[in-house]
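Student: I should like to study this model with you in a series of questions. Shall we begin with the surroundings of the ligand?

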Amino acid sequence: MTDQFPAHVVQAFRGSRVLITGGAGFIGGHIGRTVAALGGHVRVLDDLSGGFAENVPEGGELFRVSVLDTATLTQAIAGCDFVFHQAAMVSVPVSVEHPAECTQVNIVGTQNVLEAARKARVRRVMFAASAAAYGNNPVLPCQEDRAADAWSPYAMSKVAGELLCQTYSRNFGLSTAALRYFNVFGERQNANSAYAAVISAFEKALRAGTRPRIFGDGGQTRDFVHVSNVVRANLLAAASPRPLCGEPINIGTGIRTDLLSVLRHMAAALGCPADAEFLPARAGDIRDSVADISRARELLGYEVTIDFAAGIRRMFAAPAGNTSALVSR
Ligand SMILES: NC(=O)c1ccc[n+]([C@@H]2O[C@H](COP(=O)([O-])OP(=O)(O)OC[C@H]3O[C@@H](n4cnc5c(N)ncnc54)[C@H](O)[C@@H]3O)[C@@H](O)[C@H]2O)c1
């Protein structure tokens, strides 16, 4: 059930204690299952505002509070080796509607996690950063050395989180890794939110026999990365012998795929027509995005082990061969 991991990762997690904030969510839930399968003890701190208790692995403990509850955070983090900080207000539009709440949860919450981790002397904190930091950067692939270009409160809060990680590493010797996720997809992603990620929204519509909605002409491209690669990046970062200090590290595939290709591919896999309902492009949506993953390769030994087609197969649990018609560029 877990993918193969290098020996040093297996060793780092056997008998380890980890705290996953946002561990009842999509990505945090996958991290939790994998850590548990490797023999680690999992604690989850999640207010269940967007997650589900079922995502906590068997034997794991759930602290059902916000990252703003510092007393419980201190309890939950005590004795932990690693922290995977995934909890956040995750929606760009919601962050535009509620910027102050976004600052509280995403910036003050991250500060709280780092402060608790410093006091508890954890070995390393992995922070869920975001490709939103690149904004409308026209130079592709996105490289971490480019200045951040945050447009939404969400993007700003994720850049602030990276800076907080660097500040804690530089001043207090707390090792931190800021992993800039691109467009993550996979099993158990929540398709029921109004702000569902595109692949889970496509899947839900196709399975219901309705036309998926595309904002714009569908020619926009993204770097879609299956969640198992993101889990792998997190575990590699935790176990890395390198002295990581919050420098941003892209986690994607290095391949960009347009939405029409995604739709064709998914429809072919499910054996249904690839008809979309086209709506006007949304203000603020970027046109193209793709990661340069050289830094992840160099610092973490990261490689993409599940490509887009294999990721979709896992999502649909369909036999191999159904999904080989992907057009990507
Ligand atoms: N999914 C992506 O494509 C993507 C891309 C870039 C970055 N990220 C980041 O990765 C992380 C995980 O995202 P996800 O896709 O799993 O989202 P998700 O919504 O499935 O998970 C987020 C979890 O955080 C919890 N949460 C929210 N506010 C909280 C609070 N105040 N205190 C405690 N828990 C709280 C939610 O209940 C949920 O379980 C987030 O930080 C997100 O910003 C995700």
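Student: Which helices and strands each supply at least two residues of the shell around the ligand?

Tutor: This is a predicted model, in which local features need pLDDT of at least 70, side-chain atom pairs count only at pLDDT 80 or more, and totals for chains, interfaces and linings use all residues. Residues are numbered from 1 along each chain as its sequence is written. Helices (H or I, at least four residues) and strands (E, at least two) are DSSP runs, numbered from the N terminus. The elements asked for are helix H2 (26–37), helix H5 (99–120), strand E5 (124–130) and strand E7 (183–185).

Student: From which element does the largest share of the shell around the ligand come?

Tutor: The ligand is surrounded by 30 residues, with Gly22, Gly25, Gly51, Ala87 and Ala88 the closest; a residue is near if its C-beta atom, placed from the backbone, lies within 6 Å. The largest share is three residues, and these come from H2.

Student: How many residues of each class does the shell around the ligand have?

Tutor: Ala, Val, Leu, Ile, Met, Phe, Trp, Tyr, Cys and Pro count as nonpolar, Asp, Glu, Lys and Arg as charged, and the others, Gly among them, as polar. By this division, the shell has 15 nonpolar, 13 polar and two charged residues.

Student: H5 also meets other helices; are H5 and H6 roughly parallel or oblique to each other?

Tutor: Axes are lines fitted to C-alpha atoms, for helices over the stretch in contact, and angles run from 0 to 180 degrees between N-to-C directions. The axes of H5 and H6 come within 9 Å and cross at roughly 20°. Angles under 35 degrees count as roughly parallel, over 145 as roughly antiparallel, 65 to 115 as roughly perpendicular and the rest as oblique. H5 and H6 are therefore roughly parallel.

Student: Are H3 and H5 roughly perpendicular or oblique to each other?

Tutor: The axes of helix H3 (residues 70–77) and H5 come within 9 Å, crossing at roughly 45°. The pair is therefore oblique.

Student: Which residues of H5 do Thr70, Leu73, Thr74 and Ile77 in H3 meet?

Tutor: Two residues are in contact if their C-beta atoms, placed from the backbone, lie within 7 Å. On that criterion, the four residues of H3 meet Asn112, Val113, Ala116, Ala117 and Ala120.

Student: How many residues of domain 2 are in contact with domain 1?

Tutor: The chain is divided into domain 1 (7–184 + 224–251) and domain 2 (190–222 + 255–290 + 306–316), with bounds from an automatic or database domain assignment. Their C-alpha centres lie 26 Å apart. Across the contact, 19 residues of domain 1 face a number in domain 2 equal to 16.

Student: Why is H7 called oblique to H9?

Tutor: Val198, Ile199, Phe202, Glu203 and Leu206 in H7 meet residues of H9, among them Leu259 and Val262. The axes of helix H7 (residues 198–208) and helix H9 (residues 259–270) come within 11 Å and cross at roughly 40°. That angle makes H7, relative to H9, oblique.

Student: Which residues does a cis peptide bond join?

Tutor: Most residues other than glycine have a negative phi, and most peptide bonds are trans. In the loop between E5 and helix H6 (153–172) lies Pro141. The cis bond, with omega about -5°, joins Leu140 and Pro141.

Student: What is the positive phi of Leu48?

Tutor: Leu48 has its place in the loop between strand E2 (41–45) and strand E3 (61–63). Although Leu48 is not a glycine, its phi is positive, at about 60°.
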